[in-house]
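Please walk me through this structure, beginning with the surroundings of the ligand and then turning to the helices.

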Amino acid sequence: MIISNEQVLAALRNVEDPDLKRDLVTLNMIKDLKIEDKNISFTLELTTPACPMKDMLKNACTNAVKHFVDAEANVLINITSRVTKPVDSSQLDNIKNIILVSSGKGGVGKSTVASNLAIALAADGAKVGLIDADIYGPSVPTMFGLIDAKPNARETAAGKTLILPIEKYGIKLLSLGFFADPNQPVPWRGPMASNAIKQLFNDADWGELDYLIVDLPPGTGDIHITITQSFPIAGAVIVTTPQQVALADTRKGLQMFRMPGINIPILGVIENMAYFTPAELPDNRYYIFGRNGGRALASGFEVPFLGEIPIVQSITEAGDKGAPIALNLESPLAAVFSEIAGRVAQQVSINNGVTANS
Ligand SMILES: Nc1ncnc2c1ncn2[C@@H]1O[C@H](COP(=O)(O)OP(=O)(O)OP(=O)(O)O)[C@@H](O)[C@H]1O
């Protein structure tokens with residue numbers, strides 16, 4: 001029996017993307033289908049290289065072809081991705097998804113999460129940028145070992161000057177800290193800060209990016225308003241710690257994104273410093289600041305809970321050394337950040353929906 005393209009596609013119509021709730025053929029995710037006798041090969045084009053369901057979808061495709069077409073078929077699937085973008089993203093054409101990392105309270109680990117998420121997404125093959133918009137204490141220069149770095153600029157053919165983001169660990173970086181005197185306590189104020197932030201988006205040579213992560217200042221203030229009103233935002237990730245005081249401020253932060261006129265999709269909540277595990281007892285988890293607060297908060301606001309990160313000395317050490325822990329693929333913490341990054345990317349794809357991929 002000769003196997004036809006139509007038979008294989010009909011079989012693959014039985015495989016649904018659980019997030020987008022439509023089958024892979026309708027979603028236009030099957031490309032380059034080739035058939036030679038019983039050898040069937042095609043490309044499965046996902047909406048993000050960080051897709052947590054890669055293996056599941058690959059197995060489901062193989063099973064569908066074997067079940068509906070030929071049990072003896074030799075199915076070869078090549079996985080690629082084309083990151084989708086929000087439907088309304090007229091500005092900043094080359095930047096597909098701007099993801100805000102926010103917290104209601106300072107010191108909960110927002111910069112740590114933003115930096116490690118950026119590294120985990122890049123490790124999956126995504127093109128990633130990171131803007132450190134924390135006017136009160138930019139930490140990205142420290143976390144990436146770039147304390148004395150100063151970005152260069154270039155002139156376009158049209159005579160416009162563009163800042164060149166600094167590239168480290170495969171991520172394009174800009175921080176307000178690169179432009180301020182580290183010995184000056186609060187270098188940016190009011191409109192000056194807003195203008196400086198807008199320049200980091202508009203007047204920088206970002207090239208093509210799948211994800212631009214933005215490390216916001218803590219709380220809710222001018223910078224949040226400037227960014228959310230000036231640029232199309234794919235969504236916000238909310239970082240909290242388990243203590244009641246942090247959760248109370250996180251609630252306010254979350255509500256801000258839902259205010260009319262701001263209305264930014266919440267991609268989910270991450271609970272940082274969720275539990276402590278002593279090095280000598282790796283299976284023991286001590287919930288020293290309380291348990292499941294972040295999860296309960298996410299469920300109260302009906303947003304996804306994206307995961308918990310333990311409190312571990314090596315996270316601080318790695319950040320202070322200028323090489324965030326997610327770079328160390330031997331550390332179990334790299335897997336923790338990779339899983340969370342997968343869930344963030346998954347939520348972005350869900351919000352972007354099917355239109356962008358069809
Ligand atoms: N899970 C963790 N385990 C151990 N230390 C952590 C963890 N998360 C963050 N830290 C440490 O806590 C401190 C504050 O973290 P970070 O700067 O990321 O917080 P932030 O919310 O961005 O702070 P700010 O409000 O100043 O912007 C840093 O020293 C960081 O290394």
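What follows describes the ligand shell, then a pair of packed helices, and last a single helix and the residue after it.

The model shown here is a predicted one, and a natural place to begin is the ligand. There are 20 residues around the ligand, and of these G106, G109, K110, S111 and T112 come nearest. The elements that contribute two or more residues to this shell are α3, which covers 110–123, and α9, which covers 313–321. Sorted by class, the shell residues comprise seven that are nonpolar, 11 that are polar and two that are charged.

Turning to the helices, α1 (residues 5–12) packs with α2 (residues 54–68) at an angle of about 125°, and the axes of these two helices lie 8 Å apart. Because of that angle, α1 counts as oblique to α2, and the crossing of α1 and α2 is right-handed. On the side of α1, the residues that take part in the contact are V8, A10, A11 and L12, and in α2 they meet C61, A64, V65 and F68. By class, this contact of α1 with α2 holds eight nonpolar residues, with no polar and no charged ones.

Helix α10, which runs over residues 332–352, allows a check of its length against its number of residues. At 1.5 Å a residue, its 21 residues should span 30 Å, and since the C-alpha atoms at its ends are 31 Å apart, the expected span and the distance in the model agree. Just after α10 comes G353, which takes a positive phi of about 70°.

Conventions. Residues numbered from 1 in each chain as written. Predicted model: local features only at pLDDT ≥ 70, side-chain atom pairs only at ≥ 80, totals over all residues. Near = placed C-beta within 6 Å. Helix = DSSP H or I, 4+ residues; strand = E, 2+ residues; numbered from the N terminus. Nonpolar A, V, L, I, M, F, W, Y, C, P; charged D, E, K, R; others polar. Axes fitted to C-alpha atoms, helices over the stretch in contact; angles between N-to-C directions. Parallel < 35°, antiparallel > 145°, perpendicular 65-115°, else oblique. Left-handed = near helix turned anticlockwise from the far one by under 90°. Contact = placed C-beta atoms within 7 Å. Expected span 1.5 Å × (residues − 1).
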